[in-house]
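Dear colleague,

I am passing on the structure below, together with some notes on what turned up when I went through it. Please read the notes with the coordinates open beside them.

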Amino acid sequence: MTTATAIRVQGLEKSFKDVHVLRGVDFDVAGGSIFALLGSNGAGKTTVIKILSTLLAKDAGSAEVAGFDISTQPQSVRESISLTGQFAAVDEILTGRENLVLIAQLRHLKNPAKIADGLLARFSLTEAGGRRAGTYSGGMRRRLDIAMSLIGNPPVIFLDEPTTGLDPQARLEVWQTVKELAAGGTTVLLTTQYLDEAEQLADRIAILHQGRIIVNGTLAELKQLLPAAKVEYVEKQPTLEEVFLAIVGDDNKSDGSAIERTASTDK
C-alpha cells in the first residue's frame, strides 16, 4: 500500500444468512481526499463502513486502512480512525465542552480541557460550549459530534450519512465542516444517498448498487457517461438553495430584507 492511498478495498464480500449484501467491492481512497460512497437505502454502504472500522467481520476479500490490514491489525486500524454514525452520538445532559473533555480523557490524552477549547473554537462552538448539548440545534449537535471524532487527530474519518434528518442550513454547516477536514489533510470516507451531497463534497464518487461498485470516478468523469443535452434556450432560475439563503441569510436571521430587495426590483 502506497503512502498516497489511505484506504484500499479489494473483493470485499459480506452476507447475512441468505442475503448477499456485498458481492466483491473494490475501491481506493487517496489520502487527504473526500470519497463518497453513494447508494440507495439497503445498498450496503453502512456494511462497508462497519467492516472497514472493524465492527463487522468480512466474509471474503481484503482491506487496508491507514496502512493497516483490517483482519490482522484491527487495533492499529481502530487507533487510526474515527467513526461518526447516522445520528449524533453526544451526551445531551453534558455541555458541549464536557462532551469533548470526556472523550479526551477516555483517550488518555494530556490536557483535555485545552483540547476541548481548541475544538470548540475550530467548529465555531465556543459561545455554546457551556450549554447542555441537548439545547443545540441539529447542525450544532452534528458539528459537536464530528469535533468529538477528531480528538486524537485520526488520519481517517468515516462519516455514515452525516446529514440524515438535518434541515438545509444545518446540512450546509456540516458540508463546510467536511471540506475543512479534507483541507487539513484528513481522509474522509462519506456514505450518502443524497446526490447533491456527493456532488458538493466528493473528490471521487463510487456508486454501490446490488452489492457491487458499478461506477467510480470524479464528478466530471461520471458526467461524461451521459451525452450532453442539446439546449435551444435556457432561462436560468434560482435554485432552492439560493432562495433559502437569500431569505434567511448566512447568519440564519430572517429579517425579510432579502425579500424586500427582490420585491423592489420588480417595481
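Please bear in mind throughout that this is a predicted model. Its six-stranded sheet is open, with the strands in the order β6-β7-β8-β3-β9-β10 and with mixed pairing. The edges are taken by β6 (81-84) and β10 (212-217), each of which has a single partner strand, so that one side of each is left without a neighbour in the sheet. On average, and ignoring direction, neighbouring strands of this sheet are turned by 15° against each other.

At the β6 edge, the partner is β7 (residues 156-160), which runs parallel to β6 and is joined to it by four bridges; as an example, S82 has I157 of β7 as its bridge partner.

Two helices that pack on the sheet deserve a look. Helix α1 (residues 45-52) touches β3 (34-38), β6, β7, β8 (187-192) and β9 (204-209), and its direction makes about 150° with that of β8. Helix α6 (residues 168-183) touches β3, β7 and β8, and in this case the direction of the helix makes about 135° with that of β3.

The helix on which I spent some time is α5 (residues 138-149), whose twelve residues should span 16 Å at 1.5 Å a residue; the end C-alpha atoms are 17 Å apart, which agrees. Because ten of its twelve residues are buried, α5 is largely enclosed by the rest of the structure. The buried residues are G139, M140, R142, R143, L144, D145, I146, A147, M148 and S149, and what covers them includes β6, α3 (96-106), α4 (112-122), β7 and α6.

How, then, are α5 and α6 placed where their axes cross? The two axes come within 8 Å and cross at roughly 20°, which, with angles under 35 degrees counted as roughly parallel, makes α5 roughly parallel to α6. The crossing of α5 and α6 is right-handed. On the α5 side the contact is made by G138, G139, M140, R142, R143 and I146, and on the α6 side by A170, E173, V174, T177 and L181.

One residue of that contact can be followed further, namely T177, which lies in helix α6. With a relative accessible area of 5%, T177 is buried, and, leaving aside residues up to four places away in sequence, T177 touches F123, R143 and I146.

With best regards

Methods. Residues numbered from 1 in each chain as written. Predicted model: local features only at pLDDT ≥ 70, side-chain atom pairs only at ≥ 80, totals over all residues. Heavy atoms only, no water. Pairing = 2+ DSSP bridges. Axes fitted to C-alpha atoms, helices over the stretch in contact; angles between N-to-C directions. Contact = heavy atoms within 4.5 Å. Expected span 1.5 Å × (residues − 1). Buried < 20%, exposed > 50% of the residue type's maximum accessible area, 1.4 Å probe, protein only. Parallel < 35°, antiparallel > 145°, perpendicular 65-115°, else oblique. Left-handed = near helix turned anticlockwise from the far one by under 90°.
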